[in-house]
Amino acid sequence: MTVHSQLQPYIDAWTHSIESINELVSPLTEGEWNRPTDCPYWSVRDVVSHIIGFECELLGDPRPIHTLPSDLRHITSESARYTEVPVDIRRHHTAPEMTSELEYTIIRRSRQLRNETRQPDATVRAIGGGETTLEEQLWKRVFDVWVHEQDLRRALDKPGNLASPAAVLARDYVLRGLPKLVAKDAGAKPGSAVVFDVHGPLEFMRTVRVNAEGRGSIDSAVSLGPAVTFVVDWETFLRLLAGRVRPAAVADHLKSEGDLELAEAILSHIAVTP
């Protein structure tokens with residue numbers, strides 16, 4: 001095996017999730033490709049196009065030369081524009097074109113990952129520019145692909161894989177944003193703690209603690225007398241942190257206890273990923 005043992009769990013999780021996506025979309029009719037998803041302004045076709053586009057970028061394929069239509073209301077930044085190009089060029093692709101390109105991309109990318117010989121801390125180019133480590137790049141791909149798998153499952157009413165290997169890695173990826181959210185964005189007081197009690201297919205409890213300097217940290221130890229406790233199911237929690245839904249829309253799935261003003265401040269900043 002040429003892949004570093006530290007990277008193998010990411011590759012295995014990515015493989016499981018992207019192959020699940022392939023199985024989901026392979027039998028779809030033309031009309032089903034146009035179903036809207038929780039990903040704002042994107043259809044099933046758009047989500048799959050996005051996945052293909054980013055995996056092709058990691059394969060080293062040249063960026064497509066394409067001018068976006070001027071009437072795309074959700075393109076409000078250069079980052080959004082960058083992400084939209086590989087999506088928009090596929091908006092008129094047929095179902096067979098989409099499935100064949102997805103299958104071919106998975107084959108190529110799987111081969112590339114099987115032959116990976118670099119160390120986890122190797123410096124690589126990040127999607128969209130800049131640099132990151134190979135491990136961080138793979139972890140982000142697991143998160144992105146699995147979250148989009150869930151977008152597709154909700155759009156197609158095919159729930160599943162909420163506790164898969166990719167789900168666990170996606171959870172750990174997104175939890176890293178909570179200390180900043182609680183301590184800096186929501187302004188929790190030094191010495192306070194906020195508990196997230198998550199139930200469902202993936203069950204866990206995490207406590208964000210704010211130290212005397214106002215810095216946040218996260219652990220799995222129980223907190224006595226937290227300032228706020230949130231009780232929420234895993235899928236709703238994920239949808240909130242991934243910016244797929246606003247807190248008011250899932251109020252019946254979300255319970256908060258304690259300092260309601262702080263709870264409101266946390267929920268107003270809850271989307272920690274783009």
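**Group meeting: two cavities and a sheet**

By class, six nonpolar residues, two charged residues and no polar ones line the second largest cavity. Hi everyone, that is my way in today, and please keep in mind that we are looking at a predicted model.

Let me stay with that cavity for a moment. It holds about 40 Å³ of space. Which residues line the second largest cavity? They are Tyr-10, Ile-11, Trp-14, Arg-109, Leu-113, Leu-138, Arg-141 and Val-142. If you want to find the place on your screen, look for three helices: α1 (8-25), α4 (95-114) and α5 (134-156) are the elements that give two or more residues to this lining.

Now, how many cavities of 30 Å³ or more does a search of the whole structure find? The search finds two. So much for one of them; let's go to the other. The largest cavity has a volume of about 50 Å³. Around the largest cavity you will find Phe-196, Phe-230, Val-232, Phe-237, Leu-240, Leu-241, Leu-254, Leu-267 and Ile-270. Two elements, β6 and α8, give two or more residues to that lining. Which element gives the most to it? That is α8, with three residues. As for residue classes, the lining of the largest cavity has nine nonpolar residues, with no polar and no charged ones. Compare that with the second largest cavity, where two charged residues take part.

Both β6 and α8 bring us to the sheet, so here is how the sheet is put together. There are five strands in an open sheet, in the order β5-β4-β3-β6-β7, and the pairing is mixed. Why is one side of β5 and of β7 left without a neighbour in the sheet? Because β5 (216-219) and β7 (254-258) stand at the edges, and each has a single partner strand. On average, neighbouring strands here are turned by 15° against each other, ignoring direction.

Let's zoom in on one pair. As a reminder, strands of a sheet pair through backbone hydrogen bonds, either parallel or antiparallel. Strand β6 (residues 228-233) and β7 run antiparallel, joined by five bridges. Within this pair, you can see Thr-229 opposite Glu-257 in β7.

And what packs on the sheet? Helix α8 (residues 234-241) does, touching β3 (193-199), β4 (204-210), β6 and β7. The direction of α8 makes about 110° with that of β6. So we are back at the largest cavity, where β6 and α8 each give two or more residues to the lining.

Thanks for listening!

Note on methods
Residues are numbered from 1 along each chain as its sequence is written. This is a predicted model: local features need pLDDT of at least 70, side-chain atom pairs count only at pLDDT 80 or more; totals for chains, interfaces and linings use all residues. Side-chain values use heavy atoms; hydrogens and water are left out. Two strands pair if DSSP finds at least two bridges between them. Helices (H or I, at least four residues) and strands (E, at least two) are DSSP runs, numbered from the N terminus. Axes are lines fitted to C-alpha atoms, for helices over the stretch in contact, and angles run from 0 to 180 degrees between N-to-C directions. Contact means heavy atoms within 4.5 Å. On a 1 Å grid over the protein atoms alone, a cavity is a set of points where a 1.4 Å probe fits but cannot get out, and a pocket is an open set with protein on both sides within 12 Å along at least five of seven lines; lining residues have an atom within 4 Å of a point. Grid points are joined across faces, edges and corners, and a volume is the space filled by probe spheres set on the points. Ala, Val, Leu, Ile, Met, Phe, Trp, Tyr, Cys and Pro count as nonpolar, Asp, Glu, Lys and Arg as charged, and the others, Gly among them, as polar.
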